[in-house]
Amino acid sequence: MIVKETKNYEKVERYNVEVTEVIAESYKSIINNLGEDVHREGILNTPVRAAKAMQYLTHGYQVDPLEILKSAMFTEDHKHMIIVKDIEVYSMCEHHMLPFFGKAHIAYIPNGKIVGLSKIPRIVDAFARRMQVQERLTDQIKNCIQDALNPLGVAVVIEAQHMCMQMRGIQKQNSVTTTSSFTGAFEKDKTRKEFISLISNKFS
Ligand SMILES: Nc1nc2c(ncn2[C@@H]2O[C@H](COP(=O)(O)OP(=O)(O)OP(=O)(O)O)[C@@H](O)[C@H]2O)c(=O)[nH]1
Ligand SMILES: [Zn+2]
């Protein structure tokens, strides 16, 4: 499944017909085995809908995050912390194939190159729209920014709720998991504290 943006910035979803049919057949069997009637009106198109939904939720495999960053890098002599915070994250836990969702807060300190701001949420999506664990998602985002920009440091914090811990299993509705990953300057106490303090401030 490919998500493309047109020149007018409209998002177009293109599904490979054969892949969708194969996944839909599997869903038919799953729905049947769950005890539902696959011929019931409301469910008749569900296998295809679910096949498309699942391909959408994992379309990050078709995206190259490094290329996204490289497509908008600019030379700039700015050596201060740049933070993009409160980026919505929707991902799929690889253990249960249930969503986990929350916010990512990302910072870097440039070393000659800055990147187009929108590209940071774009790479979050590129890695999040896959089967993931929160820890790997956090590290992949950090490594990608480090590799593309070679900055003085990168910081990534993700706060998320896992549906597999809420709707089933341990059923804890209010627990939030925080993961973090740092390079370079952010390994220093002072810089990391400044980052944590800035992401904790809310705009009034
Ligand atoms: N570290 C980590 N664990 C995760 C993540 N998403 C889900 N899990 C956990 O993956 C584990 C899988 O454990 P298993 O014991 O194999 O699965 P389970 O029997 O369904 O476990 P319960 O959820 O405890 O019922 C669970 O503890 C989940 O909470 C994640 O992003 N990171
Ligand atoms: Zn899970």
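Visitor: How far does a polar side-chain atom of R168 lie from an oxygen atom of ligand 1?

Guide: This is a predicted model, so distances come from predicted coordinates. R168 belongs to the set of residues around ligand 1. One of its polar side-chain atoms pairs with a ligand oxygen atom, and their separation is 2.9 Å.

Visitor: What share of the area of ligand 1 does the protein bury?

Guide: Start with the ligand by itself. Taken alone, ligand 1 exposes 630 Å². Of that area, the protein buries 50%.

Visitor: At what distance does a polar side-chain atom of H96 lie from an oxygen atom of ligand 1?

Guide: H96 is one of the residues surrounding ligand 1. Its polar side-chain atom has a ligand oxygen as partner. A polar contact needs N or O atoms within 3.5 Å. The H96 pair lies at 2.6 Å.

Visitor: Which element of ligand 1 lies 3.3 Å from a polar side-chain atom of H162?

Guide: H162 sits in strand β8 and is among the residues around ligand 1. Its polar side-chain atom lies 3.3 Å from a ligand atom. That ligand atom is nitrogen.

Visitor: Is H162 buried or exposed?

Guide: The cut-off for buried is under 20% relative accessible area. H162 has 14% relative accessibility. H162 therefore counts as buried.

Visitor: Which helices each supply at least two residues of the shell around ligand 1?

Guide: The shell includes Q134 and E135, as well as C164 and M165. Helix α5 covers 134-149, and helix α6 covers 163-166. The helices asked for are α5 and α6.

Visitor: How do the residues of the shell around ligand 1 divide into nonpolar, polar and charged?

Guide: The shell includes V133 and M165, along with E135 and R168. Val and Met count as nonpolar, Glu and Arg as charged. The full division is four nonpolar, five polar and two charged.

Visitor: Which residues are the protein donors of the zinc ion (ligand 2)?

Guide: The donor atoms lie 2.0 to 2.3 Å from the zinc ion. Two are SG atoms and one is ND1. The residues are C93, H96 and C164.

Visitor: What spacing do the donors of the zinc ion (ligand 2) follow along the chain?

Guide: C93 lies in strand β4, residues 82-93, and C164 in helix α6. That pair is 71 residues apart and links distant parts of the chain. The donor spacing reads C-x2-H-x67-C.

Visitor: What is the relative accessible area of C93?

Guide: Buried means under 20% relative accessible area. C93 is buried. C164 also counts as buried, at 10%. For C93 the value is 4%.

Visitor: What is the phi of D86 near?

Guide: D86 is found in strand β4. Most residues other than glycine have a negative phi. D86 is not a glycine, yet its phi is positive, near 60°.

Visitor: Where is N150 found?

Guide: N150 has a positive phi of about 45° although it is not a glycine. Helix α5 lies on one side of its segment and strand β8, residues 153-162, on the other. N150 is in the loop between α5 and β8.

Visitor: How far apart are the C-alpha atoms of D86 and V157?

Guide: D86 counts as partly exposed, at 26% relative accessibility. D86 and V157 are 71 residues apart along the chain. Their C-alpha atoms are separated by 9.9 Å.

Visitor: How far apart in space are V63 and R129, C-alpha to C-alpha?

Guide: V63 lies in the loop between α2 and α3. V63 is partly exposed, with a relative accessible area of 28%. V63 and R129 are 66 residues apart in sequence, but in space they are 9.6 Å apart.

Visitor: Is I68 buried or exposed?

Guide: I68 has its place in helix α3, residues 65-70. Its relative accessible area is 16%, and the cut-off is under 20%. I68 is therefore buried.

Visitor: How many helices and strands does the protein chain have?

Guide: The chain has 204 residues, and 38% of them count as buried. Its C-alpha atoms fill a box of roughly 60 × 45 × 30 Å along the principal axes. Its elements are seven helices and nine strands.

Visitor: What pLDDT does the protein chain average?

Guide: The model scores ipTM 0.91 and pTM 0.93. In the protein chain, 99% of the residues have a pLDDT of at least 70. The average pLDDT is 95.

Technical notes. Residues numbered from 1 in each chain as written. Chains lettered and ligands numbered in written order. Predicted model: local features only at pLDDT ≥ 70, side-chain atom pairs only at ≥ 80, totals over all residues. Heavy atoms only, no water. Near = heavy atom within 4 Å. Polar contact = N/O pair within 3.5 Å; in protein donor to acceptor, adjacent residues only side chain to side chain. Areas by Shrake-Rupley, 256 points an atom, 1.4 Å probe, with all protein chains shown as cover. Helix = DSSP H or I, 4+ residues; strand = E, 2+ residues; numbered from the N terminus. Donors = N, O, S within 2.8 Å, 3.2 Å for Na, K, Ca; no water. Buried < 20%, exposed > 50% of the residue type's maximum accessible area, 1.4 Å probe, protein only. pLDDT = per-residue confidence, 0-100.
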